[in-house]
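This briefing goes through one protein model by topic. Please have the sequence and the coordinates open while reading.

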Amino acid sequence: MQMETRKLNMNKGAGCLMLIFSLLFFLLLARFLYIQVTGQVHGQSLEKWAEAKHNKKGVLEAMRGTIYDQHGEVLAQDTSAYKIAAVLKGDGHVKDKDLTAEKLASVLSLSKEEILARLNKPASQVEFGSEGSNLTKEQKDKIESMKLPGIIFTDGKTRIYPNGDFASYILGYAKPNDQDVLEGNFGIEKTLDKYLHAENGSIAYKGDARGLATGNEKIVPPKNGKDVYLTIDQHIQSFLEDAMNTAAKQYEPSMLLGVVADPKTGKILAMSSRPSFDPNKRDISYFLNDPIAYAYEPGSTMKIFTLAAAVNEGVYNGQAYYQSGKYAVGNTEIKDHNGGAGWGSITFDEGVQRSSNVAFAILAQKQLGFDRYRQYLHKFHLDEKTGIDLPGESKNTILFDKEIQKATTAFGQGSTVTPIQQIQAATAIANDGKMMKPYVIDRIVDADTKKVVQQTSPEEVGKPISKASAQKVRQLLETVITSPKGTGTAYKIDGYSVAGKTGTAQIPGPDGKYMTGKENYIFSFLGMAPVSDPQLVVYVAIKQPKLTDTEYGATPLADIFKSVTKNSLQYLKIKPSEVKNPKKLAEQENAKVPNVSGQTMAAAKAALEKAGLTPVLLGGGSVIAQMPQSGDSVLKGDRILLTGTDNKMPNIIGWSMRDAMNLAHTMDLQLKPSGQGYVTEQSIQEGTAVKKGDVLEVKLAPPLEPQPEAEIQKPPGT
């Protein structure tokens, strides 16, 4: 009985096993048939799986072209970057969102709240926008060390600019597009994108069961971008950037710009402006490259080219006299920048030094003639773009329809020009008459073959003046810096000779009228050094700087110009100028006062002017006394006071303290001065009869052109 029971149980067990195996067989058969019919396993195509198993593909990454300075220093290049993401659902998701947000906020440029808002999104995975892209390896390593569940990274490339905010408006920036390919978006990165652009390659091959290559690889090689070499010199650019950063921080201007060029070739060695941006952060809010895009009334730097035209035409007589202060062009009156008081009858050389609007209006109208002057504006290309190889160069406006517009253009008001136009025109002065086109792109090179694809050569675009005229103009502009009467004394550089011209331009307000106030001007300086053979042309300008009571527009500019120019000349190994023979220099600058006592005022005036001095006639008849005395040694152009009968008070606005003291001594007046520099106000008005012991109060200010350079008014009665 037991045997039968055991046998029955065994049969039942065997039947169950057969049933189980039968079911498994039919399940496997059904699965096999399903796979045969559908070609899928767990929703995945077996064909695609097999292709992936045996057909291998890979990306061969290409490098975007590198941007270098002229000496091969890197200004922009590719580097590895990382993108961060957070897994919110499934395996390895974020466990503690609050802690994760707090930790990530210490590395990313996002607040804890902003990160938490992303982590709370109803998605399986989230990214963190631009703040979570282009992370450095240091940032990635720091986050990974926090061991945050659910935080993952993907590899990529980004563009870095090693010097940060450095020549930003020249370089521009590149960033990944939707296909994660770096693409130029601004500046040279954009305009030269067709050269800099890189295209990734690929590799495809058949693999065995282990994925190893079995031959017959198909390779599409990557196409690296071309390298770009600029004319920028990293050292000179650094000198400019550092000086401008200091000035921008101290004076908080609405605009600040600087350009340094090689006048022999037209190469731009440095160019910068404020406001600016860091291309690594792309924190840009202002999209104009002001040195080439901002056309404004330049002020007295324009006088350089009016002077050059007059010298080249042979109509400039520096020792000829004219009456400064006011000058009528038609029904409109032009005033000198000291309120129209002028400096009396002075030579044109002194007018250049003092930046007299009247002198340059006379040169343009009477000496040159407006038609001939207009031809020189064209010869200097001041009426057209330079064609510099940078994006965004603006057109300017030369106003030359009315007589008054023609006169004001001669001293820098009304008409507009860009800084780069002035740089180009100034190369003719610095380069012995040859005007060179400015350029920034030196060459483009194939990164793989090292073959030069494109080379820019210096281009002479005109010769507006002769070599002799250029040398003469530089000598005259040097006196703007060296003469005590010059407006550019603040720009002297120890050891180096400088030629240049200051500028103070008025700013049109929203109502169409010129703005007023001490700070509402564009102050500028255009200089070159050394004078005998200029190696650099430098232009600096500042708009609406915040100044103290004792500061003027030249204060920040002089600091920038002197620092940049001296450091650059020393870096270029330009030796300091030799000290001139003091005896010979004294012979050139000094004059002996002749004895004119007893002569008629007319005869005395002629004798003093012949000696290169400036006579001031205080009375009529014959000369009773003179100051300084006969035989005294004075500077050429100095005032000689002549008393006669019926002496009256002269206009002394613009006089030096020494001249005011000589006047008080000559006329027996009590002088009460306040301030330093040159007379801006006098208590006894011009033409007033004075008597011994009268009190003369004068206010003085430095000669740094704090007032507008061009003040135009209609004369009374018109």
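The notes below cover the overall make-up, one sheet, salt bridges and a few local sites.

The model is predicted. Its protein chain has 718 residues, of which 48% count as buried. The chain holds 21 helices and 34 strands.

**Overall make-up**

- The accessible surface of the protein chain is about 34200 Å², and carbon and sulfur atoms account for 51% of it.
- Among contacts between residues at least 6 apart in sequence, 69% join residues at least 24 apart.
- The whole structure contains 21 salt bridges.

**The five-strand sheet**

- Five strands, in the order β14-β13-β25-β24-β23, make an open sheet with antiparallel pairing.
- The edges are β14 (268-274) and β23 (499-506); each has a single partner strand, so one side of each has no neighbour in the sheet.
- From one strand to the next, the twist averages 5°.
- Helix α17 (residues 467-482) packs on this sheet and touches β23 and β24. The direction of α17 makes about 65° with that of β23.
- Strands β24 (residues 521-529) and β25 (residues 536-543) run antiparallel and are joined by eight bridges. Within this pairing, Ser524 has Ala541 in β25 as its bridge partner.

**Strand β13 and its neighbours**

- Strand β13 (residues 255-261) is largely enclosed by the rest of the structure, because seven of its seven residues are buried.
- Met255, Leu257, Val259 and Ala261 point one way from β13, while Leu256, Gly258 and Val260 point the other way; all are buried.
- Toward β25, β13 makes seven bridges in an antiparallel arrangement, and Ala261 stands opposite Val537 of β25.
- Toward β14, β13 makes six bridges, again antiparallel, and Val260 stands opposite Ala270 of β14.
- β13 and β14 form a hairpin with six residues between them. In the turn, Gly266 has a positive phi of about 90°.

**Salt bridges around the sheet**

- Asp533 and Lys264 form a salt bridge, with the closest N and O atoms 2.4 Å apart. The pair links distant parts of the chain, 269 residues apart: Asp533 is in the loop between β24 and β25, and Lys264 is in the loop between β13 and β14.
- Asp533 is partly exposed at a relative accessible area of 37%, and Lys264 is partly exposed at 29%.
- Lys546 and Glu252 form another salt bridge, with 2.9 Å between the closest N and O atoms. Here the separation along the chain is 294 residues, with Lys546 in the loop between β25 and α18 (554-571) and Glu252 in the loop between α9 (234-251) and β13.
- Lys546 counts as partly exposed at 48% relative accessibility, as does Glu252 at 45%.

**Other salt bridges**

- The side chains of Lys112 and Asp98 meet in a salt bridge with an N to O distance of 3.3 Å. Lys112 belongs to helix α4 (residues 112-119) and Asp98 to helix α3 (residues 97-105), so the pair ties together parts 14 residues apart in sequence.
- Both residues count as partly exposed, Lys112 at 26% relative accessibility and Asp98 at 38%.
- A network of salt bridges links Arg64, Asp78, Arg159, Glu189 and Asp193.

**Helices α1 and α15**

- A nonpolar patch on the surface consists of Leu17, Ile20, Phe21, Leu24 and Leu27, which together have about 520 Å² of accessible area.
- Leu17, one of the patch residues, lies in helix α1 (residues 2-38). At 49% relative accessibility, Leu17 counts as partly exposed, because the exposed class begins over 50%.
- Helix α15 (residues 403-410) is mostly covered, with seven of its eight residues buried. The buried residues include Gln405, Lys406, Thr408 and Thr409.
- Gly412 follows α15 and has a positive phi, near 95°.

**The loop at Pro149**

- Pro149 sits in the loop between α5 (137-144) and β7 (151-160), and counts as partly exposed at 38% relative accessibility.
- Leaving aside residues up to four places away in sequence, Pro149 touches Gly92, His93, Val94 and Lys95.
- Pro149 and Val94 are 55 residues apart along the chain, and their C-alpha atoms are separated by 5.1 Å.

Definitions and conventions: Residues numbered from 1 in each chain as written. Predicted model: local features only at pLDDT ≥ 70, side-chain atom pairs only at ≥ 80, totals over all residues. Heavy atoms only, no water. Patch = residues over 30% accessible without salt bridge, like charges linked within 9 Å, V, L, I, M, F, W, Y side chains within 5 Å. Areas by Shrake-Rupley, 256 points an atom, 1.4 Å probe, with all protein chains shown as cover. Salt bridge = Lys/Arg side-chain N within 4 Å of Asp/Glu carboxyl O. Helix = DSSP H or I, 4+ residues; strand = E, 2+ residues; numbered from the N terminus. Buried < 20%, exposed > 50% of the residue type's maximum accessible area, 1.4 Å probe, protein only. Pairing = 2+ DSSP bridges. Axes fitted to C-alpha atoms, helices over the stretch in contact; angles between N-to-C directions. Contact = heavy atoms within 4.5 Å.
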